[in-house]
Amino acid sequence: MATGEVQGSGGGTAGGRAPGTVWVVTGPPGGGKSTLADVLAGLVTPPPAVLDKDTLFAGFVAEVLAAHGRAHGEREGAWYDGHVKVHEYGGMAATAVQVRANGCPVVLVAPYTTQIRQEQAWAALVDAVGGEPVRLLWVRSDADTLRSRILGRGRSRDAGKLAAFEEFVARVAPDVPPSVPHTQIDCRDGAEPLAAQVARVVAAATTGDRSPSGE
């Protein structure tokens, strides 16, 4: 490990500076993660680096799918998970380690469907990003909200989700809370304004209240 890099789950840096907090914004595709991350980034001090999986890797993923003769909208399933997603998540984690090494907070934006449902997988993610402090914000949604927002954003890469929408909803379970400690942010249509929900979460973090809500 190079000098200055964040160590594993033991925390701390080689220079003695505490690593920046990692905020993991997770939930189903189309649930409102990117919007939540934008609001969060405006409230956290010092300002965090936002690492959004789609922003970072959308173009690269399109090229990988084309090179393997896969459909452009294939962003779910066993082949995608094993050949693409594992590298997306690995790249995000490695970048988070570098960014937070000097105290800068990081916001990771991705579904992390497996990680939030399995304690061992979540522990591996926490270790991969350099250890605590890591806070999980889970975007709560529902099938109607997802369909409306996915249709509204009109992205070609969502074709696979819409073609088998019921299977997609069953897989991402938008209204089933994570099995690991988390804070729920309600992003369903008609929910409390996002800014008010996030402001409470950031205020609690500032005062050192680590107790999750919405479990």
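In this predicted model, the charged end of Arg147 sits over the ring of Phe165, 4.1 Å from the ring centre. Phe165 also belongs to one of two aromatic pairs found in a search of the whole structure. A five-stranded open sheet and helix H3, which lies across E1, E2 and E3, are covered below.

**Phe165 and helix H7**
- The ring centres of Phe165 and Phe168 are 6.0 Å apart, and the planes meet at 45°, so this pair is tilted.
- Helix H7 (residues 165-172) holds both residues, three residues apart, about one turn of the helix.
- Phe165 is buried, at 7% relative accessibility.
- Phe168 is buried too, at 1%.

**The sheet**
- The strand order is E2-E3-E1-E4-E5, with parallel pairing.
- Strands E2 (49-52) and E5 (183-186) are the edges, each pairing on one side only.
- From one strand to the next, the twist averages 20°.
- Strand E1 (residues 22-26) runs parallel to strand E4 (residues 134-140), and five bridges join them.
- Thr26 stands opposite Trp138 in E4.
- A second charge-over-ring case involves Arg135: its charged end sits over the ring of Trp23, 5.8 Å from the centre.

**Helix H3 and Trp79**
- H3 runs at about 170° to strand E3 (106-109).
- Trp79 is found in H3 (residues 78-100).
- Trp79 has a relative accessible area of 17%, so it counts as buried, the cut-off being under 20%.
- Beyond its neighbours within four places in sequence, Trp79 contacts Val64, Leu65, His68, Arg70, Glu74 and Val84.

Technical notes:
Residues are numbered from 1 along each chain as its sequence is written. This is a predicted model: local features need pLDDT of at least 70, side-chain atom pairs count only at pLDDT 80 or more; totals for chains, interfaces and linings use all residues. Side-chain values use heavy atoms; hydrogens and water are left out. Helices (H or I, at least four residues) and strands (E, at least two) are DSSP runs, numbered from the N terminus. Buried means under 20% relative accessible area, exposed over 50%, partly exposed in between (1.4 Å probe, protein chains only). Contact means heavy atoms within 4.5 Å. Two strands pair if DSSP finds at least two bridges between them. Axes are lines fitted to C-alpha atoms, for helices over the stretch in contact, and angles run from 0 to 180 degrees between N-to-C directions. Rings of Phe, Tyr and Trp (its six-membered ring) pair if their centres lie within 6.5 Å; planes under 30 degrees apart count as stacked, over 60 as edge-to-face and the rest as tilted. A charge sits over a ring if NZ of Lys or CZ of Arg is within 6 Å of the ring centre and within 35 degrees of the ring normal.
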